Amino acid sequence: MVVSFYVGIRLKHWLGLHGFACFVEKFTNTLDKTSLSLWWSLHSKSPPCKTYMIVSHIIQGRYMYRYSKEIVDKGESKFGYMRSMDDVYFSAGYLFSYGAYVFGDNNTNADDVGFSKGNAQLGANVILQQASLMNEDCIDNSITVNAYSKLADGTYFATMTTPDVYSLFLKELVLVYEKEGMSKEEATAKAEENLVITDVPKLPASGDLTEENPELIPLKAMGGINGYAISAYTKSPNACLAFVEFATSYDIAMKRNQYLGTVPAREDAAQTAGGVSEIIYKNLDEGNVVVMPSIRAVEQVWTPAGMFFQDLAKDAFRTSDKKYSSAEQIQKGLEAVDKQIYDVIYTLVAE
């Protein structure tokens with residue numbers, strides 16, 4: 001797997017499902033290592049000015065869930081973890097963590113659609129639990145759009161995103177500090193100190209974020225790749241190969257990391273870059289990144305899966321008309337997604 005990324009491919013980096021989460025906290029008030037409970041104390045007009053990870057080594061999803069609940073229960077229109085649940089790239093990882101997949105035979109067999117396979121309903125239940133501590137913005141892409149400013153002003157405590165948009169979060173935090181009267185240089189330095197990223201939480205094997213002392217499993221994620229291809233009809237194959245060799249060299253990989261925030265697909269460059277790059281490469285090497293299928297049928301995945309995740313998140317805000325109140329109902333919903341994808345691939349597209 002590492003070798004396949006070594007020759008001219010770079011991982012489509014995620015500061016999300018297999019990647020990382022941005023955390024911003026105003027004061028280092030209390031970090032009780034027994035309960036691992038963080039206490040929120042934001043002034044309504046004061047921006048966040050201190051950051052830290054919830055746990056220094058292993059972050060568990062149940063602690064983020066518990067902390068999010070503490071924030072929401074205060075009734076101050078602030079939230080813990082926030083994410084647009086209709087985003088298939090991020091949400092699908094919860095299903096993959098419990099045995100689901102996109103297509104069978106290592107993502108090459110579109111006859112076998114696998115969003116409902118394994119214990120995928122447990123991953124869907126995790127999404128449903130998370131949505132219950134958000135607002136209705138999680139149903140569509142609203143949080144994807146507003147997370148930059150709302151994390152900066154303290155409305156959100158954490159989100160999942162990708163390393164390439166880190167600069168957008170940083171920019172918003174700089175603006176908050178400048179409004180407080182800091183110079184551009186002071187605000188930038190403070191924002192760089194206070195905006196941090198960390199590996200995403202591990203998940204309970206049971207899929208229950210309220211379980212005490214659960215068995216933990218890694219959160220898997222969907223990843224994508226950008227690769228170089230050479231046409232079989234080229235009149236200059238040697239020149240093409242020379243370019244690919246140049247473009248995938250150590251020096252160029254490091255420059256792309258420095259200027260574009262991309263994660264190198266080379267082990268040596270990832271280790272040199274450290275931080276996000278090294279951790280993502282490690283997750284890839286350990287099989288916790290599910291690379292997006294490269295077959296044409298993958299085009300038909302996004303709409304059915306996205307509509308299901310949207311409907312699932314909406315269920316957290318339904319009252320008497322809930323659709324996913326049991327494991328069986330969730331499973332039926334996932335099986336419907338598989339059928340919709342299959343039908344689009346082999347019926348609608350074929351016609």
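Where is the place of asparagine 213? Asparagine 213 is in the loop between strand S9, residues 203–204, and strand S10, residues 216–217. I start there because asparagine 213 is exposed, with a relative accessible area of 67%. Its phi is near 50 degrees, a positive value in a residue other than glycine. Please keep in mind that this is a predicted model.

A second asparagine also has a positive phi. Asparagine 107 is not a glycine either, and its phi is about 65 degrees. Asparagine 107 lies in helix H4, residues 104–107. Is asparagine 107 buried or exposed? Its relative accessible area is 11%, which is under the 20% limit, so asparagine 107 counts as buried.

Now the overall numbers. The protein has 14 helices and 12 strands. It has 351 residues, and 49% of them count as buried. The exposed surface is about 16700 Å², with carbon and sulfur atoms supplying 52% of it. If we take contacts between residues at least 6 apart in sequence, 69% join residues at least 24 apart.

Next, the core. The largest nonpolar core has 72 residues. Those with the most contacts inside it are Tyr94, Leu95, Phe103, Phe115, Cys138, Val301 and Ile341. Which helix gives the most to this core? Helix H3, residues 88–96, does, with 7 residues. To take one core residue in detail, valine 301 is in contact with Val102, Phe103, Phe115 and Ile341, leaving aside its neighbours within four places in sequence.

Let me stay with H3. In this helix 9 of the 9 residues are buried, so H3 is largely enclosed by the rest of the structure. The buried residues include polar Ser91 as well as Tyr89, Phe90 and Gly93. At the N-terminal end of H3, aspartate 87 acts as the cap: a side-chain oxygen of aspartate 87 lies 3.1 Å from the backbone nitrogen of tyrosine 89. Phenylalanine 90 has arginine 83 over the face of its ring, at 3.8 Å from the ring centre. There is another charge over a ring elsewhere: the charged end of lysine 190 sits over tyrosine 177, 5.9 Å from the centre of that ring.

On to the aromatic pairs. How many does a search of the whole structure find? It finds 9. One of them is phenylalanine 79 with tyrosine 156, where the ring centres are 6.5 Å apart and the planes are at 75 degrees, so the pair is edge-to-face. This pair links distant parts of the chain, with phenylalanine 79 in strand S5, tyrosine 156 in strand S7, and the two positions 77 residues apart. Both phenylalanine 79 and tyrosine 156 are buried.

Another pair is phenylalanine 308 with tyrosine 324. Their ring centres are 5.7 Å apart and their planes are at 80 degrees, so this pair is edge-to-face too. Phenylalanine 308 lies in helix H13, residues 302–315, and tyrosine 324 in the loop between H13 and helix H14, so the pair ties together parts 16 residues apart in sequence. Phenylalanine 308 and tyrosine 324 are both buried. Ring pairs join Phe308, Phe309 and Tyr324 into a cluster.

Last item: threonine 248. It is found in the loop between helix H9, residues 237–247, and helix H10, residues 250–260. Its relative accessible area is 16%, so threonine 248 is buried despite its place in a loop. What does its side chain reach? The side chain of threonine 248 reaches the backbone oxygen of valine 244, at 2.7 Å.

Methods. Residues are numbered from 1 along each chain as its sequence is written. This is a predicted model: local features need pLDDT of at least 70, side-chain atom pairs count only at pLDDT 80 or more; totals for chains, interfaces and linings use all residues. Side-chain values use heavy atoms; hydrogens and water are left out. Helices (H or I, at least four residues) and strands (E, at least two) are DSSP runs, numbered from the N terminus. Buried means under 20% relative accessible area, exposed over 50%, partly exposed in between (1.4 Å probe, protein chains only). A polar contact is a pair of N or O atoms within 3.5 Å; within protein, one must be able to donate a hydrogen and the other to accept it, and residues adjacent in sequence count only if both atoms are side-chain atoms. Rings of Phe, Tyr and Trp (its six-membered ring) pair if their centres lie within 6.5 Å; planes under 30 degrees apart count as stacked, over 60 as edge-to-face and the rest as tilted. A charge sits over a ring if NZ of Lys or CZ of Arg is within 6 Å of the ring centre and within 35 degrees of the ring normal. A nonpolar core is a set of buried Ala, Val, Leu, Ile, Met, Phe, Trp, Tyr and Cys residues joined through side-chain atoms within 4.5 Å. Contact means heavy atoms within 4.5 Å. Accessible areas come from the Shrake-Rupley method with a 1.4 Å probe; for residues, only the protein chains shown count as cover.
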